[in-house]
Amino acid sequence: MQALRVERLSDDLSGVTFCDIAEPERAAGEVLVRVRAASLNFPDLLMTRGAYQFKPEPPFTAGMEFAGEVIEAAPDSGLAPGDRVMGGQKTGAFAEMASVSAHALSPIPDRLDFIQGAAMGAAYSTAYTGLVELCGLGEGQWVLVHGASGGVGLAACDLAQTLGARVIAATGIAEKRAAIANAVQPEAVILADGRFREAVSDLTGGALCDVVFDPVGGDVFDESTRCVAFGGKLVVAGFTSGRIAQIATNIPLIKGFSVVGLRAGEYARRFPQRGAAIRQAIADLADAGRITPTIDRVLPLSSWREGYEAMQARDLVGKVVFEPGA
């Protein structure tokens with residue numbers, strides 16, 4: 001089968017190869033899936049460099065997340081050949097077939113096709129875990145979402161809007177503001193460049209934000225500490241800026257806010273019942289047509305470099321989805 005392999009770590013994607021490898025054999029407890037679509041996530045890019053917290057030893061098949069059809073499953077898995085499923089694991093999604101634990105899969109909501117299913121899971125589970133599970137987001141609350149052109153940022157905007165929150169989307173690239181506004185219709189889209197507290201204060205009538213969702217880090221995190229309302233929460237969801245910010249503990253003490261660390265995958269692993277409830281809540285919202293992932297582009301897996309380079313250049317509004325065998 002064709003697959004995308006990381007043969008060696010590199011900063012310029014030179015260690016990544018599109019090639020033929022042996023089809024996987026289903027192990028006990030696993031489900032063999034024909035991959036119809038697989039979405040690119042920022043950790044996939046980081047893993048080609050060895051810059052993600054999970055560091056698989058090369059060579060490995062890239063890709064965390066896919067959607068497809070069950071080929072073979074154990075009788076006690078609850079799945080049968082032909083079932084439409086989405087899910088994945090830390091590697092192995094960018095191939096024509098994948099074998100993963102039955103617990104790592106869930107049915108694709110009826111309203112979604114394979115491309116949407118591949119783009120739904122990781123982004124929306126991250127957004128839901130952060131906004132709902134950890135922050136108890138309520139109707140009418142103000143939410144500032146950074147990195148709003150990315151898959152997770154757009155999912156956070158979409159979910160928060162659906163839950164009745166008032167969303168301020170933020171991006172570091174001025175040219176993306178119109179596309180973000182068109183995709184998720186927030187209250188406003190602001191430029192998170194330099195000092196943006198005044199813009200947040202003006203939009204909220206001086207109240208600032210109940211929740212700040214930050215997958216960017218660095219300077220954005222530093223300024224975001226000035227945007228959280230008393231009793232609010234600042235969610236640390238990643239460091240796409242490349243700089244891990246630091247904070248003096250007197251700042252959240254005096255301003256009365258909490259800094260909340262978000263690892264959605266680890267949360268679901270440690271609390272499997274809550275993880276299952278989160279997946280079901282997302283599926284219910286998708287089936288009701290209340291949330292839909294934003295897709296920037298769909299590419300054959302053989303055109304993987306275009307997707308990776310677009311992510312590296314921050315030239316996306318939404319998800320990149322690959323189609324193996326296309």
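**Cavity**

I began with enclosed empty space in this predicted model. How many cavities of 30 Å³ or more are there? I got a count of 1. I then looked up the volume of the largest cavity, and the value is about 50 Å³. Rolling a probe the size of a water molecule over the atoms shows where empty space is left.

Next I wanted the lining. Around the largest cavity I found A119, A123, Y124, G150, G151, L154, A155, P293, T294, G318 and K319. Which elements give two or more residues to this lining? They are helix 2 (114-133) and helix 3 (151-162). I also sorted the lining residues of the largest cavity by character: 6 are nonpolar, 4 are polar and 1 is charged.

**Helix 2 against helix 3**

Since both helices had turned up at the cavity, I checked how they pack. The axes of helix 2 and helix 3 are 8 Å apart, and the packing angle is about 55 degrees. Angles from 65 to 115 degrees count as roughly perpendicular and those under 35 as roughly parallel. I therefore noted helix 2 as oblique to helix 3. Is their crossing left-handed or right-handed? I have the crossing of helix 2 and helix 3 down as right-handed.

**The parallel sheet**

I moved on to the sheet of 6 strands. This sheet is open, its pairing is parallel, and its order reads 11-10-9-12-13-14. Strand 11 (188-191) and strand 14 (258-261) are the edge strands, and each pairs on one side only. From one strand to the next, I noted a twist that averages 20 degrees.

Within this order I picked out one pair for a closer look. Strand 9 (residues 142-145) runs parallel to strand 10 (residues 166-171), and the two are joined over 4 bridges. To find my place there, I used V143, which stands opposite V167 in strand 10.

**The antiparallel sheet**

I then turned to an open sheet of 3 strands, where the order is 2-1-4 and the pairing is antiparallel. Why is one side of strand 2 (16-20) and of strand 4 (60-61) left without a neighbour in the sheet? Both stand at the edges with a single partner strand each, so one side of each has no neighbour in the sheet.

Strand 1 (residues 2-6) pairs with strand 2 in the antiparallel sense, over 5 bridges. Here my marker was R5, whose opposite residue in strand 2 is T17.

**Backbone oddments**

Two loop residues went into my notes last. What is the peptide bond from P58 to P59, cis or trans? I found that bond to be cis, with omega near 0 degrees. P59 has its place in the loop between helix 1 (42-47) and strand 4.

The other entry is L208, a residue other than glycine with a positive phi, near 65 degrees. I located L208 in the loop between helix 5 (197-203) and strand 12 (209-214). Strand 12 took me back to the parallel sheet, where it is listed between strands 9 and 13.

Notes
Residues numbered from 1 in each chain as written. Predicted model: local features only at pLDDT ≥ 70, side-chain atom pairs only at ≥ 80, totals over all residues. Heavy atoms only, no water. Pairing = 2+ DSSP bridges. 1 Å grid on protein atoms, 1.4 Å probe; cavity = no way out; pocket = protein on both sides within 12 Å on 5 of 7 lines; lining within 4 Å. Points joined across faces, edges and corners; volume = space filled by probe spheres on them. Nonpolar A, V, L, I, M, F, W, Y, C, P; charged D, E, K, R; others polar. Axes fitted to C-alpha atoms, helices over the stretch in contact; angles between N-to-C directions. Parallel < 35°, antiparallel > 145°, perpendicular 65-115°, else oblique. Left-handed = near helix turned anticlockwise from the far one by under 90°.
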